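Colleague: I keep hearing labels for parts of a protein, and I'd like to know what earns each one. Can you walk me through this example?

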Amino acid sequence: MSRHEPQGHGGYEKTDAHAGDTYRAGLYILGTMVLTALVVVPMYRFLAGREAREQVPAATVLKPDAAAAAPAFPKLVTSEPAVLAEFHAQEDAFLASYGWVEKDKGIARMPIDVAMKIVAERGLPKFPGPEPTPAPPGGAR
């Protein structure tokens with residue numbers, strides 16, 4: 001026998017833990033888990049059902065029309081100067097024509113040359129300026 005081995009105990013110490021107590025504690029924990037599940041699961045189902053009944057119905061989602069044209073993908077630019085010239089022509093036509101910007105608010109656009117003539121005849125519109133702030137007491141330093 002070695003000098004580190006306890007004498008008369010069969011190779012290990014038997015006074016610290018008892019197998020029966022350990023099994024009993026495990027069974028208590030398992031029983032507590034089962035009882036908790038038996039209470040919580042029905043309560044969860046009840047509350048989830050009640051919440052589902054109180055929810056506002058979801059908005060109707062419209063499915064896209066299959067017959068509608070698919071969105072056009074960006075086209076490959078084969079001649080950049082030609083595309084740029086076309087873009088400038090569209091801008092010039094837009095700036096030289098009359099049209100509505102926001103019809104419901106009564107905002108329209110007009111050709112630039114007409115707008116410049118109106119400003120030259122009538123002058124720029126006067127807008128109210130901000131209120132002057134009073135000087136701080138005691139004067140500025």
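Modeller: Sure, and keep in mind that this is a predicted model. Let's start with K105, which has a relative accessible area of 60%.

Colleague: Why is K105 called exposed?

Modeller: The label "exposed" needs a relative accessible area over 50%. K105 comes in at 60%, so it is exposed.

Colleague: And what makes E102 partly exposed?

Modeller: Partly exposed is the range between under 20%, which is buried, and over 50%, which is exposed. E102 has 32% relative accessibility, so it lands in that range.

Colleague: How do you know that E102 and K105 form a salt bridge?

Modeller: Their side chains meet with N and O 3.4 Å apart. The cut-off is within 4 Å, between a side-chain nitrogen of Lys or Arg and a carboxyl oxygen of Asp or Glu. A Lys and a Glu at 3.4 Å fit that, so the pair counts.

Colleague: How many salt bridges does the whole structure have?

Modeller: A search turns up two. One of them joins R24 and D21, with the closest N and O atoms 2.4 Å apart. That value is within 4 Å too, so the name applies.

Colleague: Where do R24 and D21 lie?

Modeller: Both are in helix α1, which covers residues 19–54. They are three residues apart, about one turn of the helix.

Colleague: Are R24 and D21 buried, partly exposed or exposed?

Modeller: R24 has a relative accessible area of 42%, and D21 has 41%. Neither value is under 20% or over 50%, so both residues are partly exposed.

Colleague: What makes L38 eligible for a nonpolar patch?

Modeller: A patch residue needs over 30% relative accessible area. L38, found in helix α1, has 58%, so it clears that mark, and being over 50% it is exposed as well. The patch is about 740 Å² and includes L27, I29 and L38.

Colleague: How do you know that β1 and β2 pair?

Modeller: Pairing takes at least two bridges. Strand β1 (residues 99–102) and strand β2 (residues 107–109) have three, in the antiparallel sense, so they pair. For instance, W100 has A108 in β2 as its bridge partner. The two strands form a hairpin with four residues between them, and G106 in the turn has a positive phi of about 75°.

Colleague: What else is in the chain?

Modeller: There are three helices alongside the two strands, and the order from the N terminus is α-α-β-β-α. Buried residues make up 1% of the 141 residues.

Note on methods:
Residues are numbered from 1 along each chain as its sequence is written. This is a predicted model: local features need pLDDT of at least 70, side-chain atom pairs count only at pLDDT 80 or more; totals for chains, interfaces and linings use all residues. Side-chain values use heavy atoms; hydrogens and water are left out. Buried means under 20% relative accessible area, exposed over 50%, partly exposed in between (1.4 Å probe, protein chains only). Patches are made of residues with over 30% relative accessible area and no salt bridge: like charges are joined within 9 Å, nonpolar side chains (Val, Leu, Ile, Met, Phe, Trp, Tyr) within 5 Å. Accessible areas come from the Shrake-Rupley method with a 1.4 Å probe; for residues, only the protein chains shown count as cover.
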